[in-house]
Amino acid sequence: MSSPFAIFRKHQRVLMVVVTGFAMISFVLLGAVQDPRQMPTTLVILFLAAMAGGIAWMAGLRSGKASEYGLTGVLIGAILGLGVAFSTREAAAVQMDGGNLSVAEVSDLRRQRYLANQFIQAAVSRSAGQTNNPFLTYFAMQQFGFGFSSQDSITTTDVVFGEALRREADEMGLTIPEDVAWSYIKEATGERLTAEQFTEIRKQLQVSEAELIDALREEIKAKKTFELMYGRNFATPETYWDYHRQLNVNASAELVRIPVSAFVADGAEPSEAELQELFAMYRSNVPGFTPEGRRDEGRPGFAQPRRLQIGYLEAVYDAIEPLVDEPTEEEIQAEYEQRYLKSIPDAMDLPPSLELPPSLNLPLDAPELPLPGATEKMENAPAPGTPPGEPGREPQLPLPGETPEQPEAAPSNDSAPKESNKEEKPADETPSEDVPKDDKSSSSVLKLENLQFVAFQDDPAETDADAPAADSPQEEKPTAEEKPEPKADAEAPAEQPAPKESAEEKPATPEKPEDGSTPPSDATEKPVSDDKPSTEGKPAEDSDTEKPSDKDKAAESTEEMDVPPAPKSDVPPLDDALKAEIKEDLLRRKVQEEIRNRATKAYEFLSTIGYNVQLLPEDDGYLTREEATKKIEEYAEKNGLEYVVTPMLSQTELRDSEDYAIGRAFTSLGSPQLVSQSLFQTAVTDLYRVGQADSFGTGSGFAYWKLADKPAYIPETLEDGDYVKDQVIEVWKQTQAAPKAEERAKKLAEKVQQSDKPMAEVLSDETVTGAEDSLFLTIRDTGTFSWMQRSSAPPTNMMQTPQVRQSVVSGADDAGTRFFQTVFNQLEEGGAGVAPNDDNSAYYVIRLKDKNPDPSSEEEYKQLRQNFIDSGMPPTFAQMANEEIRQHSINWVERIFEKYNVVISAGAEG
């Protein structure tokens, strides 16, 4: 047997070619593939065909049929390669023209996006020296981050859109060199990123420099392609000028509404073909919107919204009122005292220093008190020059008709007044009840309800001619050397007789010295003597001046102090009218309390029923829907409630329904919210959960639960649902009648235009349709309104700008954009026009009364333009521009996916 090496030596030339071919395949082709599992299908087929062909060729050398064997081997290897490639290759996660994407490839695209965004975020923060600044990071990612929906969530749709953009770039021949990536980094960081910081970030991301730069290049390529193909949406200065006018130009108008339903012909019915045609045209959109979700005013739509069925127990106000006892006379009296007399303090509530003797505790309806005497002053008023708040001096008010004691005239042979010790009475001591009215009591003050506080000021210095000698005797003024220092406790002059009944002394109010100097702050006080009668009202012993009468004193006091009369009580008497009012209020309060109690008990009962309904049939206590309904109806009849089950209603139908008050009630558990809004925030499967609500409009209380929930859907046929065919018929009738309504509105507008009289006079004898048996027109005045208005609700945070929305016009609450365009862009003052409402169910005849600023006034419009220039670029404009761009923008993702026939499998979406 010959050796294998002999065969090799015999065919060494041919075998060298074969070995060289295998080496080339192994080191050149296979070396380009990092992961053998991701080897391209073509390469797998070539590799296996070459291997099988070479082996078969070698096997055919002995028989002299190497060529035949070799070709057969190549064919077998190619078939084997195809089988291996398609059996081992995973299914495509994304199918698209130009090459499908596997799950691993989609994962690589996500990692590429993540690396690029994480690097930009870290580079901007490190270069700015702020590693944890959310505002800096947010604005940096908005400008330099990558992604077409959100940088926070990297979805499959977003990265596939980026891959499609890169394929668009390849078709256009767009390339991104490495230096573009470095320039992008410098621009994002302001050329502040150092090499050390770049290396530190790269190591934290655990990525090589080449891989990081390649990720940036790929993401920059997609971003630049998007900007080149689709650009950015910007509002022009003219658009911003329109926004300024919409917010700041006001108008007022007269209008009349012409409903389309009034022109529907009796007995008009569509054919089946007409219904099918109309249904096919609008079945995939909701009213007022395109199938893509853009606003299209007046467009019909038959896509069905989500609908709910609700059951609720209602405690109706009119039904509960007869069950409540009427308020008694005692309750009415107590409510009267609580409402009108509680704020008036009793004598026992006053501090001891403010209590009155019983003889002065006057009733509320007492006659006005006489004015104090001409020389009457507040007790313990600080003397001129006394610092405010000096301790030991509490202001007190004189009693009615009382004249404060005056200091005696200083004896001519004395150089200074004699000092006497002051005796004070405890603050809680009150005078005896048998004190006469005309006696003085220095510690007594009128009750607060009989007093009116007034501000007292120092009187200007009186001259000798102005001051009565008997009333204001002059004390001998001290010299500058003898002027005493202020003291905390005032010293009294020589003793003055006092009445026996007086329990306390009163400080005298000294007059100012003749030379204008400030008297000592420690005003002299008169001690009280219990064994001498009062000398008040008598002239001083050494005074020849006659004492003025009490009447003159009152007149002088009025001129000097300007004391207003004591206020009269404004407490209403408890007459029959007031009793009826209080009784009605008490009854309403009782009924509301009873409604709340019954609604709470109904909530607890319904919660128990809801629990039993959700049990399994084999569980104890399980109730079927019919059994539960029967129990609820029995409970409602026993407790004076009503149980109502609604049909399937959309959110709008439930909120606007006049038959089911539950829709406009507010939840009473948790944060107040409309029931129609709260229920549509629950999950579709969340049934029989009980809630409680109150209606501020009707006064009713509710306990409710959701019985059925049908999600939104697009109907396939006219019979797909209980409402579809009826909606199509209604739209068909409206479409047929709309031209007649518009024609009638234009005739009326022409008649108004030709007259200078108000619309109410011009159309006073006109009817809606023009026929005699039709209803007369109702003319409405809109008042002043603008096209757009800012929300009056305060923003929830300081970064939020006030929301802007279309104004609601009085008399035309369903007005849409076409209405405002007619008023502000087409009509002049005094002109008349026609505009449809939002859903084409009515036409408005409009007569513009005035517009402010006046378009014909060059000066007013010049000022409007200047205000626009001065306002710069307020955030309100950006908000309005973004909303308009959103409404009219094109879905670029959808467009490019259609071009590349992109289909993303359900498992790959994320």
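Tyr-240 makes a good way into this predicted model: the residue is buried, at a relative accessible area of 16%. That value falls under the 20% cut-off, which is why Tyr-240 counts as buried. Its helix, H11, carries further buried residues, including Trp-241, Tyr-243, His-244 and Arg-245. Gln-246 and Leu-247 round off that list. As for geometry, H11 has 12 residues and spans 16 Å between its first and last C-alpha, close to the 16 Å expected at 1.5 Å a residue.

Now for the rings. A search over the whole structure turns up 26 aromatic pairs. One of them joins Tyr-240 and Phe-877: the ring centres sit 6.0 Å apart with the planes at 15°, so this pair is stacked. Tyr-240 belongs to helix H11 and Phe-877 to helix H24, so the contact ties together parts of the chain that lie 637 residues apart in sequence. Phe-877 is buried too, with a relative accessible area of 2%.

Another stacked pair is made by Trp-787 and Phe-820; it qualifies because the centres are 6.1 Å apart and the planes meet at 15°. Here as well, distant parts of the chain are linked: Trp-787 sits in the loop between strand S9 (779-786) and strand S10 (788-790), while Phe-820 sits in helix H22, 33 residues away. Both partners are tucked out of reach of the probe to the extent that they count as buried, Trp-787 at a relative accessible area of 8% and Phe-820 at 0%.

Phe-820 has plenty of company. Leaving aside residues up to four places away in sequence, Phe-820 touches Phe-785, Ser-786, Trp-787, Gln-806, Ser-807, Val-809, Ala-815 and Asn-825. Phe-820 is also part of one aromatic cluster, along with Phe-785, Trp-787, Phe-819, Phe-824 and Tyr-844. Zooming out, the largest nonpolar core holds 30 residues, and the members touching the most others are Phe-785, Ala-812, Phe-819, Phe-820, Val-823, Phe-824 and Ile-846. Elements that give two or more residues to this core are helices H11 (237-248), H22 (817-826), H23 (858-871) and H24 (875-888), plus strands S3 (250-259) and S13 (842-852).

Strand S3 deserves its own look. Of its 10 residues, 7 are buried, so S3 is largely enclosed by the rest of the structure. S3 pairs with S9 in the antiparallel sense over 6 bridges, and Leu-255 has Arg-780 in S9 as its bridge partner. S3 is also joined to S13 by 10 bridges, again running antiparallel. In that pairing, Ala-251 stands opposite Lys-851 of S13.

Elsewhere, an open sheet of 3 strands follows the order S2-S1-S14 with antiparallel pairing. Its edges are strand S2 (101-102) and strand S14 (903-904), each of which pairs on one side only. Strand S1 (residues 92-95) runs antiparallel to S2 and is joined to it by 2 bridges. Val-94 stands opposite Leu-101 in S2.

Finally, there are charges over rings. The charged end of Arg-307 sits 4.1 Å from the ring centre of Tyr-723, over the ring. Arg-295 does likewise with Phe-289, its charged end lying over that ring at 5.1 Å from the centre.

Notes. Residues are numbered from 1 along each chain as its sequence is written. This is a predicted model: local features need pLDDT of at least 70, side-chain atom pairs count only at pLDDT 80 or more; totals for chains, interfaces and linings use all residues. Side-chain values use heavy atoms; hydrogens and water are left out. A nonpolar core is a set of buried Ala, Val, Leu, Ile, Met, Phe, Trp, Tyr and Cys residues joined through side-chain atoms within 4.5 Å. Buried means under 20% relative accessible area, exposed over 50%, partly exposed in between (1.4 Å probe, protein chains only). Helices (H or I, at least four residues) and strands (E, at least two) are DSSP runs, numbered from the N terminus. Contact means heavy atoms within 4.5 Å. The expected span of a helix is 1.5 Å times one less than its number of residues. Rings of Phe, Tyr and Trp (its six-membered ring) pair if their centres lie within 6.5 Å; planes under 30 degrees apart count as stacked, over 60 as edge-to-face and the rest as tilted. A charge sits over a ring if NZ of Lys or CZ of Arg is within 6 Å of the ring centre and within 35 degrees of the ring normal. Two strands pair if DSSP finds at least two bridges between them.
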